Amino acid sequence: MNARQKTALVLAGGGSYGAVQVGMLRALCAHGVRPDLVAGSSVGAINGAFYAAEPSASGIEKLAALWRGLKRRDIFPIALTRVFGALAGADAIFAPHGLRKLLAAHLPYPLLEDSSIPMHVVATDQLTGAPVRVSAGAAVEAVLASCAIPAIYPPVLISGRQLIDGAVACNTPIRIAVELGAVRVILLPTAFACPRTARPRGVFANAFHAMDLVVMQQLAQDTELYSQRAQIITVPPICPLAVSPYDFSNAGKLIDMAARSTSRWLEGRPLGASEPLVAAGQGVVVTAGVHLSKASSQACGPCGGLPSCLEEGQVTQAPPR
């Protein structure tokens with residue numbers, strides 16, 4: 001790696017689709033990629049925090065095992081008292097006890113500054129809507145703040161500010177990485193539910209679909225804005241998927257699919273190689289070293305125009321558990 005070049009690994013949010021990032025990390029690690037810093041938002045903050053603790057094949061496999069053991073009730077535990085409380089004016093439907101317990105039990109460092117690679121967690125100021133970078137202090141609290149989906153989880157108080165899900169202000173923290181001095185940004189999006197033939201049904205489906213639309217607009221805008229200041233390399237997401245972002249039952253399949261797809265994408269090309277690709281319908285130049293072996297080169301419109309989504313076969317949604 002060029003000594004003058006600081007590389008950032010940026011992990012986006014996306015609910016249970018975050019399993020895809022674990023497969024991407026596996027392939028990138030096998031390819032010899034080791035960033036100088038990590039920035040993550042929402043579920044990307046979870047994956048980023050674990051990766052920054054042990055940025056190696058064994059560390060990534062520990063994270064993969066954690067994902068494979070997840071159940072929806074671990075993250076979204078239904079409790080009638082919380083539902084009735086929300087109707088009565090409480091801040092959120094769920095208490096984050098399950099997620100807090102999982103993080104406290106498995107994240108191997110108490111403070112962000114103790115990570116092996118500098119880890120920067122991105123959340124949102126609930127009052128101003130501004131992105132907030134948390135780079136020091138209690139790691140579990142920072143990650144909980146970044147994952148505090150409005151109305152789903154309560155905000156987290158850090159340094160006198162009520163913080164909510166980083167995806168609200170900065171789902172893909174390219175800006176944070178560039179401001180920290182990165183001149184090469186390796187972006188790990190999550191997989192996106194491609195295209196809908198009918199409107200989403202249910203509270204969660206509608207909430208996550210609306211967030212998806214906002215997220216893809218953010219990504220297109222940030223890529224265009226910062227592509228002149230840094231080389232932005234987007235690892236293509238898997239598409240299509242028919243999995244909801246709050247269904248964790250297919251995590252293992254998503255990890256393995258993403259690892260295979262990313263490995264093919266990396267074949268025969270140093271990651272630093274780049275070529276300009278125009279995002280469909282957006283007029284946005286995305287700098288991405290894309291090498292598609294046995295994969296589609298068609299842009300995926302429902303993914304906001306990201307180039308070269310990798311088709312790896314459709315994963316269908318399993319019944320809730």
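## A buried serine after β2

S42 is buried in this predicted model, with a relative accessible area of 8%. That value falls under the 20% cut-off, so S42 counts as buried. To find S42, look in the loop between β2 (37–41) and α2 (43–53).

Which residues does S42 touch, once its neighbours within four places in sequence are set aside? The contacts are G13, V122, S146, C147, D165 and A167.

## The nonpolar cores

The largest nonpolar core has 67 residues. Within this core, the residues with the most contacts are L9, L28, W67, L103, Y109 and L188. Helix α2 gives the core its largest share, eight residues. There is also a second, separate core of 16 residues, and I174, A177, V178 and A230 are among its members.

L188 is a handy place to start exploring. Leaving aside neighbours within four places in sequence, L188 is in contact with L9, V10, L11, A12, Q21, M24, L25, L28 and V235. Two of these partners, L9 and L28, appear again in the list of residues with the most contacts inside the largest core.

## Helix α11

Now turn to helix α11, which covers residues 251–266. How far apart should the ends of its 16 residues be, at 1.5 Å a residue? The expected span is 22 Å, and the end C-alpha atoms are 22 Å apart, so the two values agree.

Is α11 mostly covered or mostly open? The helix is mostly covered, with 12 of its 16 residues buried. Among the buried residues are L254, I255, M257, W265 and L266, and the polar or charged S261, T262 and R264 are buried too. The buried residues of α11 pack against two helices, α1 (19–30) and α3 (57–68), and against strand β8 (231–234). After α11 comes G268, whose phi is positive, near 70 degrees.

## Strands β3, β5 and β6

Strand β6 (residues 161–164) pairs with strand β3 (residues 119–125) in the antiparallel sense, over two bridges. One pair to look for is T124 with its bridge partner in β6, I164.

Strand β5 (residues 156–158) also runs antiparallel to β6, and three bridges join them. Here I158 has R161 as its bridge partner in β6. The hairpin of β5 and β6 has two residues between the strands.

## Two residues with positive phi

Most residues other than glycine have a negative phi. In the hairpin of β5 and β6, S159 goes the other way, with a positive phi near 55 degrees. S159 lies in the loop between the two strands, and because its relative accessibility is 72%, S159 counts as exposed.

A151 is not a glycine either, yet its phi is positive, about 75 degrees. This residue is found in the loop between α7 (139–146) and β5. Is A151 exposed or partly exposed? At 45% relative accessibility, A151 counts as partly exposed.

## How far to trust the model

The mean pLDDT of the protein is 79, and 72% of its residues reach 70 or more. Over residues 272–321, however, the pLDDT is below 50. Beyond near neighbours in sequence, this stretch still has 143 contacts in the model. Where pLDDT is low, the predicted coordinates should not be read in detail.

Note on methods
Residues numbered from 1 in each chain as written. Predicted model: local features only at pLDDT ≥ 70, side-chain atom pairs only at ≥ 80, totals over all residues. Heavy atoms only, no water. Helix = DSSP H or I, 4+ residues; strand = E, 2+ residues; numbered from the N terminus. Expected span 1.5 Å × (residues − 1). Buried < 20%, exposed > 50% of the residue type's maximum accessible area, 1.4 Å probe, protein only. Contact = heavy atoms within 4.5 Å. pLDDT = per-residue confidence, 0-100. Pairing = 2+ DSSP bridges. Core = buried A, V, L, I, M, F, W, Y, C linked by side-chain atoms within 4.5 Å.
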